[in-house]
Amino acid sequence: MSHGLTPSQTIGPFYFGTVTKVYHQQLAPPGVAGERIELALTVHDADGAIVPDSLIEIWQANSHGRYNHPEDRRNLPLDAGFEGYGRVSVDTQGCARFSSVKPGRVPWPEGGLQAPHVNISVFARGLLNRVATRLYFDGDPANAEDPVLKLVDPARRATLLARKDDKGVWRLPIHLGGPKETVFFDC
Amino acid sequence: MSKEIYRRAPADAHPPNLSPEYKSTVSRAPRQPAIVLPHTLSEITGPLLATERLDALENDLTQQRSGEPLGERIVVHGRVLDQDGKPVPKAIVEIWQCNAAGRYHHPGDQHDAPLDPNFYGGGRVRADEDGRYQFITIKPGAYPWKNHHNAWRPAHIHFSLFGPAFATRLITQMYFPNDPLLGFDPIYNSVPEGARHRLQSSFDMEATRPEWALAYKFDIVLRGRNATPMEG
Ligand SMILES: [Fe+2]
């Protein structure tokens, strides 16, 4: 017997009361292996305006390319204190910042490896469903062979590429609509 | 390894992102179709928050302040299941809601209704091995919003679930049975007609606590896995 899925609804504007108590901005406490990264994700609507009441979650592998999850049964190191989960609401500038380590490469089911990437969920008032996207690191040589990027129209691939600013922060604008609409995935 | 580990949602399960009656979807709904991703480790893993420590009273929203909140005390309970009816064990369930007067404990809520110093409106619990969860709270009020003239949200409780994977993440809202405002609410009615009723809790006489609280039951169904011909 099949049970009908519970439909999605918007997070609405007033989630502040609960979920701010369980924010995870710092994913990698001292001692976690890997290259330290700072992420700055901004959320924009179809007109380019910031979406000040959006919430971003991220999920990533550790620097060895291992997910901290029972489905990942590969014999790679797990880091104590590194779950790989982050959740932050955007600030008044529409920006959510995370501190982490650069994820390692994870396998593609048909063989080969994916390029380093961070999985992203965006929630907002006016969004009836979670939208999912990915962050890739601009300039990483592995991007050229990434099987997910290859699924994307080359003209839109740049919407998934974070760029490093002059302070060393990886910046990725997420456009919910408009001419620069980000590529979203049915995952 | 199969590339379709979790079942894809049928087209009539979730609301379309663009639901113009809900006005703020117009500038926020993506217009390009989402690209279907094969399921890789990135999608079939996800935060389990296994080491997250929850306080025992986090599921009792009436015990989070020095006094008891005003309003009708209720029990909200149910199970977290997958599409095969199998329990999703140990899932964290988060809720948030307004108070009995229809006001959120949130700086952005300007509704002309009183705040209740004894009601914060947020709770969490970890479901048990059978996916069972329970909250004690007060019945939230209806509140007006600016979507259209004389727009009112039916009483609702926001729910957030992680489930076992990035692919199973869900945020939704639970409504109360036969609320007359449901027929006027663009957010509830954004859901395809055949699936809307799944967002209504049911009155649960059996779970009421005599001389203390009425009860509502709300089961949540997350994506299930495809049958695996072979486990790799
Ligand atoms: Fe609400």
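**Entry 1: the buried surface**

I started with the area that chain B and chain A bury between them, and it comes to about 6,500 Å². Carbon and sulfur atoms carry 59% of that area. I keep in mind that this is a predicted model.

Next I asked which residues of chain B lose the most area to chain A. They are Arg28(B), Ile35(B) and Phe166(B), and together they make up 13% of what the chain B side buries.

I then looked up the residues in contact: 85 of chain B touch 71 of chain A.

**Entry 2: polar links across the interface**

How many salt bridges does the rule find across the interface of chain B and chain A? I got 6. One that I looked up by name joins the side chains of Arg8(B) and Asp186(A), with 3.3 Å from N to O.

I also looked for polar contacts across this interface, and the rule gives 35 residue pairs, with both residues at pLDDT 80 or more.

Which element of chain B gives the largest share of the side that touches chain A? I found strand E9 of chain B, residues 170-175, with 5 residues. Sorted by class, that side of chain B has 42 nonpolar, 25 polar and 18 charged residues.

**Entry 3: a strand pair between the chains**

I came back to Asp186(A), since I wanted its backbone partner too. In E1(B), Asp186(A) has Val36(B) as its bridge partner. The strands concerned are E9 of chain A (residues 185-186) and E1 of chain B (residues 35-36), which pair in the parallel sense over 2 bridges. Ile35(B), noted above for the area it loses to chain A, lies within the residue range of that E1 strand.

**Entry 4: the sheet in chain B**

I followed E9(B) into its sheet. The sheet is open, has 4 strands in the order E4-E3-E8-E9, and pairs in the antiparallel sense. Why do E4 and E9 of chain B each have one side without a neighbour in the sheet? Both stand at the edges, E4 covering 122-126, and each has a single partner strand, so one side of each is left without a neighbour there. On average, neighbouring strands of this sheet are turned by 25° against each other, direction ignored.

Last, I checked how E9(B) is held to E8(B), residues 156-161: the two run antiparallel and are joined by 6 bridges. Within this pair, Ser160(B) has Ile171(B) as its bridge partner in E9(B).

Terms used: Residues numbered from 1 in each chain as written. Chains lettered and ligands numbered in written order. Predicted model: local features only at pLDDT ≥ 70, side-chain atom pairs only at ≥ 80, totals over all residues. Heavy atoms only, no water. Contact = heavy atoms within 4.5 Å. Buried area = accessible area lost by both parts, 1.4 Å probe. Salt bridge = Lys/Arg side-chain N within 4 Å of Asp/Glu carboxyl O. Polar contact = N/O pair within 3.5 Å; in protein donor to acceptor, adjacent residues only side chain to side chain. Nonpolar A, V, L, I, M, F, W, Y, C, P; charged D, E, K, R; others polar. Pairing = 2+ DSSP bridges. Axes fitted to C-alpha atoms, helices over the stretch in contact; angles between N-to-C directions.
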